[in-house]
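The following exercises concern the internal packing of a protein chain and the backbone at selected positions. Each task is followed by a worked solution.

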Amino acid sequence: MQQPPLYETYRPLLLALAYRMLGSRSDAEDVVQEVFTHYFQLDQDKIEHSKSYLIRMTTNHCLNLQGSAYKRKESYVGEWLPEPSVLYDDGASHDPALLWDKNETVTYAMLVMLEHLGPVERAVFLLRETLSYEYAEIGDILGKSEAACRKINSRAKQKLHADKPAPAFNHERAGAMAQAFIKAAETGNTETLLSILTEDAVLLSDGGGKARSAILPITGRRRILAFFAGLHRKGRFENGFLPAVVNGQAGMVLLSEQSPHMILTFRWDKKGEKIEAVYIVVNPEKLKHVTKRNAILS
(Lines give C-alpha, C1' and ligand atoms only; values in the text may rest on other atoms or scores of the structure.)
Protein backbone atom coordinates (compact mmCIF):
# COMPACT_ATOMS: atom_id res chain seq x y z
CA MET A 1 0.00 0.00 0.00
CA GLN A 2 1.35 3.38 -0.95
CA GLN A 3 2.22 5.52 2.07
CA PRO A 4 0.69 9.02 2.27
CA PRO A 5 3.01 11.94 1.45
CA LEU A 6 5.16 13.17 4.30
CA TYR A 7 3.08 16.36 4.54
CA GLU A 8 -0.14 14.42 5.10
CA THR A 9 1.55 12.06 7.53
CA TYR A 10 3.04 14.62 9.90
CA ARG A 11 0.93 17.75 9.43
CA PRO A 12 -1.66 16.81 12.12
CA LEU A 13 1.09 16.11 14.67
CA LEU A 14 2.98 19.33 13.93
CA LEU A 15 -0.21 21.38 13.90
CA ALA A 16 -1.22 19.99 17.31
CA LEU A 17 2.23 20.77 18.74
CA ALA A 18 2.31 24.31 17.34
CA TYR A 19 -1.25 24.99 18.50
CA ARG A 20 -0.40 23.87 22.03
CA MET A 21 2.78 25.93 21.99
CA LEU A 22 1.09 29.12 20.78
CA GLY A 23 -2.56 28.79 21.76
CA SER A 24 -3.54 30.06 18.31
CA ARG A 25 -4.82 27.91 15.49
CA SER A 26 -4.05 30.60 12.92
CA ASP A 27 -0.46 31.03 14.09
CA ALA A 28 -0.02 27.25 14.27
CA GLU A 29 -1.12 26.83 10.66
CA ASP A 30 1.35 29.53 9.57
CA VAL A 31 4.17 27.84 11.49
CA VAL A 32 3.50 24.41 10.00
CA GLN A 33 3.26 25.82 6.50
CA GLU A 34 6.60 27.60 6.90
CA VAL A 35 8.22 24.50 8.40
CA PHE A 36 7.23 22.33 5.45
CA THR A 37 8.19 25.02 2.94
CA HIS A 38 11.67 25.16 4.45
CA TYR A 39 11.92 21.38 4.87
CA PHE A 40 11.21 20.63 1.22
CA GLN A 41 13.99 23.02 0.22
CA LEU A 42 16.52 20.91 2.12
CA ASP A 43 18.47 17.90 0.91
CA GLN A 44 16.24 15.29 2.53
CA ASP A 45 18.68 12.47 1.80
CA LYS A 46 20.85 13.95 4.55
CA ILE A 47 18.00 13.91 7.10
CA GLU A 48 17.98 10.59 8.95
CA HIS A 49 14.71 10.97 10.91
CA SER A 50 12.12 13.18 9.21
CA LYS A 51 9.66 13.17 12.11
CA SER A 52 12.22 14.26 14.69
CA TYR A 53 13.63 16.89 12.37
CA LEU A 54 10.17 18.35 11.70
CA ILE A 55 9.32 18.42 15.40
CA ARG A 56 12.61 20.19 16.09
CA MET A 57 11.88 22.78 13.38
CA THR A 58 8.32 23.33 14.61
CA THR A 59 9.36 23.70 18.26
CA ASN A 60 12.12 26.20 17.52
CA HIS A 61 9.95 28.16 15.11
CA CYS A 62 7.30 28.49 17.82
CA LEU A 63 9.93 29.60 20.34
CA ASN A 64 11.05 32.30 17.91
CA LEU A 65 7.46 33.54 17.67
CA GLN A 66 6.81 33.62 21.40
CA GLY A 67 8.35 37.07 21.88
CA SER A 68 6.01 38.80 19.45
CA ALA A 69 3.09 36.68 20.67
CA TYR A 70 3.58 37.82 24.27
CA LYS A 71 3.77 41.45 23.15
CA ARG A 72 0.42 41.03 21.37
CA LYS A 73 -1.09 39.56 24.52
CA GLU A 74 0.19 42.46 26.62
CA SER A 75 -1.70 44.93 24.42
CA TYR A 76 -4.77 42.70 24.09
CA VAL A 77 -8.10 44.18 25.18
CA GLY A 78 -9.33 42.26 28.23
CA GLU A 79 -8.50 38.64 29.02
CA TRP A 80 -6.57 36.64 26.41
CA LEU A 81 -7.73 33.04 26.02
CA PRO A 82 -6.48 30.42 23.56
CA GLU A 83 -8.40 29.76 20.38
CA PRO A 84 -10.71 26.82 21.14
CA SER A 85 -10.61 23.62 19.12
CA VAL A 86 -14.32 22.82 18.86
CA LEU A 87 -16.47 20.04 17.50
CA TYR A 88 -20.25 20.16 17.71
CA ASP A 89 -23.24 18.39 16.26
CA ASP A 90 -26.24 20.41 15.10
CA GLY A 91 -28.14 17.26 14.19
CA ALA A 92 -30.92 15.63 16.12
CA SER A 93 -28.88 13.58 18.57
CA HIS A 94 -27.04 16.33 20.47
CA ASP A 95 -25.06 13.63 22.22
CA PRO A 96 -21.56 14.81 23.21
CA ALA A 97 -20.62 11.22 24.03
CA LEU A 98 -20.51 10.57 20.29
CA LEU A 99 -17.90 13.28 19.84
CA TRP A 100 -15.50 12.97 22.76
CA ASP A 101 -11.87 12.37 22.04
CA LYS A 102 -10.90 10.50 25.18
CA ASN A 103 -7.27 10.48 24.04
CA GLU A 104 -6.97 14.28 24.16
CA THR A 105 -4.17 15.05 26.59
CA VAL A 106 -4.28 18.84 26.55
CA THR A 107 -7.67 20.16 27.58
CA TYR A 108 -8.74 23.77 27.15
CA ALA A 109 -8.21 24.36 30.87
CA MET A 110 -4.66 23.05 30.47
CA LEU A 111 -4.07 25.38 27.51
CA VAL A 112 -5.11 28.31 29.70
CA MET A 113 -2.79 27.13 32.47
CA LEU A 114 0.10 26.75 30.01
CA GLU A 115 0.07 30.54 29.70
CA HIS A 116 1.71 30.62 33.14
CA LEU A 117 4.82 28.97 31.69
CA GLY A 118 7.70 30.59 29.92
CA PRO A 119 8.30 29.57 26.29
CA VAL A 120 11.04 27.02 27.04
CA GLU A 121 9.11 25.57 30.00
CA ARG A 122 6.10 25.15 27.75
CA ALA A 123 8.16 23.44 25.06
CA VAL A 124 9.80 21.01 27.49
CA PHE A 125 6.50 20.18 29.18
CA LEU A 126 4.68 19.51 25.91
CA LEU A 127 7.49 17.47 24.38
CA ARG A 128 7.81 15.34 27.51
CA GLU A 129 4.23 15.03 28.74
CA THR A 130 2.29 14.89 25.45
CA LEU A 131 4.82 13.45 22.98
CA SER A 132 6.72 11.30 25.52
CA TYR A 133 10.14 12.46 24.35
CA GLU A 134 13.13 11.43 26.42
CA TYR A 135 14.94 14.26 28.18
CA ALA A 136 18.04 13.66 26.09
CA GLU A 137 15.96 14.11 22.92
CA ILE A 138 14.37 17.29 24.28
CA GLY A 139 17.79 18.61 25.17
CA ASP A 140 18.96 17.93 21.64
CA ILE A 141 16.00 19.86 20.22
CA LEU A 142 16.42 22.85 22.54
CA GLY A 143 20.21 22.87 22.83
CA LYS A 144 20.15 22.12 26.57
CA SER A 145 21.47 19.35 28.77
CA GLU A 146 19.35 16.40 29.81
CA ALA A 147 19.63 17.47 33.46
CA ALA A 148 18.50 21.00 32.62
CA CYS A 149 15.45 19.69 30.79
CA ARG A 150 14.52 17.54 33.79
CA LYS A 151 14.66 20.57 36.06
CA ILE A 152 12.69 22.71 33.61
CA ASN A 153 9.93 20.11 33.35
CA SER A 154 9.79 19.68 37.12
CA ARG A 155 9.43 23.43 37.54
CA ALA A 156 6.75 23.57 34.84
CA LYS A 157 4.74 20.76 36.47
CA GLN A 158 4.90 22.51 39.82
CA LYS A 159 3.55 25.71 38.26
CA LEU A 160 0.74 23.74 36.65
CA HIS A 161 0.13 21.65 39.79
CA ALA A 162 0.63 18.67 37.50
CA ASP A 163 3.34 16.99 39.52
CA LYS A 164 0.79 14.57 40.99
CA PRO A 165 -1.41 12.24 38.93
CA ALA A 166 -4.86 13.72 38.32
CA PRO A 167 -7.92 11.61 39.09
CA ALA A 168 -9.51 9.84 36.14
CA PHE A 169 -11.75 12.23 34.23
CA ASN A 170 -15.37 11.19 33.94
CA HIS A 171 -16.55 12.38 30.52
CA GLU A 172 -20.11 11.24 31.07
CA ARG A 173 -20.43 13.17 34.34
CA ALA A 174 -18.83 16.24 32.78
CA GLY A 175 -21.26 16.00 29.87
CA ALA A 176 -24.22 15.79 32.25
CA MET A 177 -22.98 18.82 34.16
CA ALA A 178 -22.51 20.76 30.94
CA GLN A 179 -26.07 19.87 29.92
CA ALA A 180 -27.32 21.10 33.31
CA PHE A 181 -25.34 24.30 32.83
CA ILE A 182 -26.92 24.78 29.39
CA LYS A 183 -30.45 24.41 30.75
CA ALA A 184 -29.74 26.68 33.70
CA ALA A 185 -28.25 29.41 31.51
CA GLU A 186 -31.10 29.22 28.99
CA THR A 187 -33.80 29.37 31.67
CA GLY A 188 -32.08 31.72 34.07
CA ASN A 189 -32.29 29.07 36.80
CA THR A 190 -29.69 30.44 39.22
CA GLU A 191 -30.32 27.77 41.85
CA THR A 192 -29.10 25.06 39.48
CA LEU A 193 -26.02 27.10 38.58
CA LEU A 194 -25.39 27.67 42.28
CA SER A 195 -25.14 23.92 42.85
CA ILE A 196 -22.80 23.38 39.89
CA LEU A 197 -20.21 26.08 40.61
CA THR A 198 -17.63 26.06 43.41
CA GLU A 199 -17.81 28.92 45.90
CA ASP A 200 -14.67 30.60 44.54
CA ALA A 201 -15.27 29.84 40.85
CA VAL A 202 -13.85 32.27 38.29
CA LEU A 203 -15.13 33.31 34.88
CA LEU A 204 -12.79 34.51 32.13
CA SER A 205 -14.26 36.08 29.00
CA ASP A 206 -12.36 36.87 25.79
CA GLY A 207 -13.83 39.40 23.38
CA GLY A 208 -10.54 40.96 22.28
CA GLY A 209 -12.20 44.35 21.87
CA LYS A 210 -14.18 42.94 18.93
CA ALA A 211 -17.19 41.64 20.89
CA ARG A 212 -18.75 42.56 24.22
CA SER A 213 -17.25 40.63 27.10
CA ALA A 214 -16.20 40.98 30.72
CA ILE A 215 -12.88 42.83 30.61
CA LEU A 216 -11.76 41.55 34.02
CA PRO A 217 -12.14 38.11 35.59
CA ILE A 218 -15.39 37.57 37.51
CA THR A 219 -14.66 35.80 40.78
CA GLY A 220 -17.17 34.05 43.04
CA ARG A 221 -20.15 31.99 42.02
CA ARG A 222 -22.75 34.61 42.98
CA ARG A 223 -21.09 37.21 40.77
CA ILE A 224 -20.96 34.63 37.97
CA LEU A 225 -24.66 33.92 38.53
CA ALA A 226 -25.40 37.64 38.25
CA PHE A 227 -23.40 37.79 35.01
CA PHE A 228 -25.38 34.96 33.41
CA ALA A 229 -28.66 36.31 34.75
CA GLY A 230 -27.89 39.63 33.05
CA LEU A 231 -27.14 37.90 29.73
CA HIS A 232 -30.36 35.92 30.04
CA ARG A 233 -32.44 39.06 30.65
CA LYS A 234 -30.92 40.64 27.54
CA GLY A 235 -31.97 37.64 25.46
CA ARG A 236 -28.41 36.61 24.66
CA PHE A 237 -29.32 32.91 24.97
CA GLU A 238 -32.58 32.92 23.06
CA ASN A 239 -31.11 30.89 20.17
CA GLY A 240 -30.14 28.14 22.58
CA PHE A 241 -26.87 26.33 23.21
CA LEU A 242 -25.59 23.20 21.52
CA PRO A 243 -23.48 20.64 23.37
CA ALA A 244 -19.92 20.60 22.07
CA VAL A 245 -16.51 19.15 22.64
CA VAL A 246 -13.90 21.81 23.32
CA ASN A 247 -10.36 20.45 23.24
CA GLY A 248 -11.57 16.97 24.12
CA GLN A 249 -14.00 17.85 26.93
CA ALA A 250 -17.60 18.94 27.33
CA GLY A 251 -18.51 22.51 26.38
CA MET A 252 -21.19 24.59 24.67
CA VAL A 253 -21.69 26.50 21.43
CA LEU A 254 -24.07 29.44 21.09
CA LEU A 255 -25.10 30.10 17.50
CA SER A 256 -26.11 33.37 15.90
CA GLU A 257 -27.55 33.07 12.39
CA GLN A 258 -26.16 29.51 12.28
CA SER A 259 -22.62 30.70 12.95
CA PRO A 260 -20.78 30.19 16.27
CA HIS A 261 -21.12 33.32 18.39
CA MET A 262 -19.94 32.10 21.78
CA ILE A 263 -17.96 29.12 23.05
CA LEU A 264 -18.11 28.07 26.68
CA THR A 265 -16.05 25.41 28.39
CA PHE A 266 -15.01 24.62 31.92
CA ARG A 267 -12.35 23.55 34.37
CA TRP A 268 -13.58 20.98 36.87
CA ASP A 269 -12.54 20.63 40.49
CA LYS A 270 -10.25 17.79 41.55
CA LYS A 271 -13.18 15.51 42.31
CA GLY A 272 -14.86 16.25 38.99
CA GLU A 273 -18.03 17.22 40.85
CA LYS A 274 -18.22 20.98 40.30
CA ILE A 275 -17.04 23.69 37.93
CA GLU A 276 -14.25 25.90 39.26
CA ALA A 277 -13.64 27.97 36.13
CA VAL A 278 -15.77 29.06 33.18
CA TYR A 279 -14.10 30.14 29.94
CA ILE A 280 -16.03 32.16 27.37
CA VAL A 281 -14.68 33.05 23.93
CA VAL A 282 -16.65 35.55 21.82
CA ASN A 283 -13.82 37.15 19.84
CA PRO A 284 -14.93 36.40 16.25
CA GLU A 285 -11.31 36.10 15.13
CA LYS A 286 -10.93 33.11 17.45
CA LEU A 287 -14.11 31.43 16.25
CA LYS A 288 -13.29 31.30 12.54
CA HIS A 289 -12.13 27.67 12.78
CA VAL A 290 -15.07 26.43 14.83
CA THR A 291 -16.78 23.77 12.78
CA LYS A 292 -19.62 21.28 12.81
CA ARG A 293 -19.32 17.59 13.47
CA ASN A 294 -16.96 15.61 11.22
CA ALA A 295 -14.84 18.69 10.61
CA ILE A 296 -12.83 18.61 13.83
CA LEU A 297 -9.56 20.52 13.91
CA SER A 298 -6.76 18.05 13.36
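The exercises below refer to this structure, which is a predicted model.

**Exercise 1. The nonpolar cores**

Determine how many residues the largest nonpolar core has, and which elements give two or more residues to this core.

Solution. Step 1: the largest nonpolar core has 39 residues, and those with the most contacts inside it are Met21, Leu114, Phe125 and Ile138. Step 2: two or more residues of this core come from each of helix H1 (6-22), helix H2 (25-39), helix H3 (50-74), helix H4 (108-114), helix H5 (119-129), helix H6 (135-142) and helix H7 (146-159). Step 3: with seven residues, H1 gives the most to this core. Step 4: there is also a second, separate core of 32 residues, which includes Ile182, Ala201, Met252 and Val278.

**Exercise 2. The packing of H2 and H3**

Describe how H2 and H3 pack, and state which residues make the contact.

Solution. Step 1: two packed helices are described by the angle between their axes and the distance between the axes. Step 2: for H2 and H3 the angle is about 135°, and the axes are 10 Å apart. Step 3: angles over 145 degrees count as roughly antiparallel, and H2 and H3 are therefore oblique to each other. Step 4: the crossing of H2 and H3 is right-handed. Step 5: H2 contributes Asp27, Val31, Glu34, Val35, Phe36, His38 and Tyr39 to the contact, while H3 contributes Ser50, Tyr53, Leu54, Met57, Thr58, His61, Cys62, Leu65 and Arg72. Step 6: by class, the residues of the contact of H2 with H3 are nine nonpolar, four polar and three charged.

**Exercise 3. The packing of H6 and H7**

Establish the angle at which H6 and H7 pack, and name the residues that meet.

Solution. Step 1: the angle between H6 and H7 is about 100°, with the axes 8 Å apart. Step 2: this makes H6 roughly perpendicular to H7. Step 3: from H6, Tyr135, Ala136, Ile138 and Gly139 meet Glu146, Cys149, Arg150 and Asn153 of H7. Step 4: this contact of H6 with H7 comprises four nonpolar, two polar and two charged residues. Step 5: beyond its neighbours within four places in sequence, Ile138 is in contact with Val124, Leu127, Arg128, Tyr133 and Cys149.

**Exercise 4. Positive phi values**

For Ser132 and Asn247, give phi and decide whether each residue is buried or exposed.

Solution. Step 1: most residues other than glycine have a negative phi. Step 2: phi of Ser132 is positive, near 60°, and Ser132 is placed in the loop between H5 and H6. Step 3: Ser132 counts as exposed because its relative accessibility is 54%. Step 4: phi of Asn247 is also positive, near 50°, and Asn247 lies in the loop between strand S4 (241-246) and strand S5 (249-256). Step 5: Asn247 counts as buried because its relative accessibility is 5%.

**Exercise 5. The surroundings of Ile196 and Thr198**

Locate Ile196 and Thr198, and identify their contacts with residues over four places away in sequence.

Solution. Step 1: Ile196 lies in helix H9 (residues 190-196) and is buried, with a relative accessible area of 7%. Step 2: Ile196 touches Met177, Ala180, Phe181, Lys274 and Ile275. Step 3: Ile196 and Lys274 are 78 residues apart along the chain, with 5.2 Å between their C-alpha atoms. Step 4: Thr198 belongs to strand S2 (residues 197-206) and counts as buried at 11% relative accessibility. Step 5: Thr198 is in contact with Arg221, Asp269, Lys274, Ile275 and Glu276.

Conventions
Residues numbered from 1 in each chain as written. Predicted model: local features only at pLDDT ≥ 70, side-chain atom pairs only at ≥ 80, totals over all residues. Heavy atoms only, no water. Core = buried A, V, L, I, M, F, W, Y, C linked by side-chain atoms within 4.5 Å. Buried < 20%, exposed > 50% of the residue type's maximum accessible area, 1.4 Å probe, protein only. Contact = heavy atoms within 4.5 Å. Axes fitted to C-alpha atoms, helices over the stretch in contact; angles between N-to-C directions. Parallel < 35°, antiparallel > 145°, perpendicular 65-115°, else oblique. Left-handed = near helix turned anticlockwise from the far one by under 90°. Nonpolar A, V, L, I, M, F, W, Y, C, P; charged D, E, K, R; others polar.
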